[in-house]
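Here's a quick tour of a protein model, written for someone just getting started. Have a look at the picture first, and then we'll go through it topic by topic.

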Amino acid sequence: MSPSGRRRQLPEEAPRNTQQAPADAPIGVFDSGVGGLTVLAEIRRLLPGEHLLYVADSGFAPYGERPTAVIRARAEQITDFLLAQGAKAIVIACNTATGVAAAHLRTRHALPIIAMEPAVKPAAACTRSGVIGVLATSGTLRSDKFEALRGRFHGAVEVLTQPCPGLVELIEAGDFHANALRALLADLVRPLIDRGADTLVLGCTHYPLVRGLIADIAGPAVRITDAGAAVARQVQHRLGAAGLLRTGNGPCRARFWTSADPPQQAAALIHRLWGADATVAALPG
């Protein structure tokens, strides 16, 4: 109790941001690097009329190996930045940041905040062997949120997990044909296949960028799932429910920022993955 006898307000109890942006405002998306571009692409595919903002927090990648306090602080800072740019909704395009920060951000902001969940449910629905394998960062796999997700399928399917230290860093380097990348993926994927997994869940938004390599290693009999399209559908649903879907016919804009220092390599990778006309700037602060 405080000296006045009143309970001191905790950060989670801070007044909610109730200001609503107009429907013409952009959707803000962030990830620990370029991986969230896989989610951004699904949003653009489903909602081609929406303006988009994207922050690649490459200077702090990968989140999965960072302390919880650091991830939460980054999520707060980036969300504040995207709101300052006028975002009408926030998409946390990162499974690790979802587990650490999504609930916290929702206590502070009233606008739609859409988060990730590894695609275990669709994988469980399509497995024939009853065994699925989840590739994810260590941070995602040790989170309470993932344990709760895994527990929902206890007894129905066997959920194997494979932490992937070093994989995000190799993907962020941008050489998707590197021998080191293929070798690491083989070391991660083959043990899951050997244990009977016939469906793989890409539990990090970076991993769909190397989906082709994973498919080559796993073989044609193995199905591969990720949550990008499901997140895009949830964005559509949440914006529609809030009356925030853009109806204008004007040109759509996509703007990008990166925290990489220096930003040139990350910017070059964003241009390569999204398009040469992408406007990429250094993230302030």
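Let's start with an enclosed space: the lining of the largest cavity divides into five nonpolar residues, seven polar ones and one charged one. Keep in mind that this is a predicted model. From that cavity we'll move on to an open pocket, then to the sheets and the helices that go with them.

**Cavities**

- The structure holds three cavities of 30 Å³ or more.
- The largest cavity has a volume of about 60 Å³.
- In total, 13 residues line the largest cavity, and the ones closest to its centre are S32, C94, T96, T137 and C204.
- If you're wondering how anyone finds a hole like that: rolling a probe the size of a water molecule over the atoms shows where empty space is left.

**The largest pocket**

- The largest pocket comes in at a volume of about 270 Å³.
- You'll find 19 residues lining the largest pocket, with E117, A227, A229, A230 and V231 nearest its centre.
- Strand 4, helix 4 (120-126) and helix 10 are the elements that each give two or more residues to this lining.
- Which element gives the largest share of the pocket lining? That's helix 10, with six residues.
- Sorted by class, the pocket lining has 11 nonpolar residues, one polar residue and seven charged residues.

**The six-stranded sheet**

- Six strands make up an open sheet with parallel pairing, and their order is 4-3-1-2-9-10.
- At the edges sit strand 4 (113-114) and strand 10 (279-282), each of which pairs on one side only.
- Helix 2 (residues 68-84) packs on this sheet and touches strand 1 (27-31), strand 2 (52-56), strand 3 (89-92) and strand 9. The direction of helix 2 makes about 155° with that of strand 1.
- Zoom in on one pair: strand 9 (residues 254-258) and strand 10 are joined in the parallel sense over four bridges.
- To spot one bridge partner for yourself, find T258 and look across to A282 in strand 10.

**Helix 1**

- Which residues of helix 1 (residues 37-46) are buried? They are L37, T38, V39, L40 and I43.
- Those buried residues pack against three strands you've just met, namely strand 1, strand 2 and strand 3, and also against strand 9, helix 10 (228-241) and helix 11 (264-274).
- A handy rule when you look at a helix: an α-helix has 3.6 residues a turn, so residues three or four places apart point the same way.

**The four-stranded sheet**

- Another open sheet has four strands in the order 6-5-7-8, again with parallel pairing.
- Its edge strands are strand 6 and strand 8 (223-225), and each pairs on one side only.
- On average, neighbouring strands of this sheet are turned by 25° against each other, direction ignored.
- Strand 7 (residues 199-202) pairs with strand 8 in the parallel sense over three bridges.
- Here too you can check a partner: V201 has T225 in strand 8 as its bridge partner.

**A closer look at Q162**

- Q162 is found in strand 6 (residues 158-163).
- Is Q162 buried or exposed? Q162 counts as buried because its relative accessibility is 17%, and the cut-off for buried is under 20%.
- Leaving out residues up to four places away in sequence, Q162 touches V134, L135, A136, L141, L188 and L192.

Technical notes: Residues numbered from 1 in each chain as written. Predicted model: local features only at pLDDT ≥ 70, side-chain atom pairs only at ≥ 80, totals over all residues. Heavy atoms only, no water. Pairing = 2+ DSSP bridges. Contact = heavy atoms within 4.5 Å. Axes fitted to C-alpha atoms, helices over the stretch in contact; angles between N-to-C directions. 1 Å grid on protein atoms, 1.4 Å probe; cavity = no way out; pocket = protein on both sides within 12 Å on 5 of 7 lines; lining within 4 Å. Points joined across faces, edges and corners; volume = space filled by probe spheres on them. Nonpolar A, V, L, I, M, F, W, Y, C, P; charged D, E, K, R; others polar. Buried < 20%, exposed > 50% of the residue type's maximum accessible area, 1.4 Å probe, protein only.
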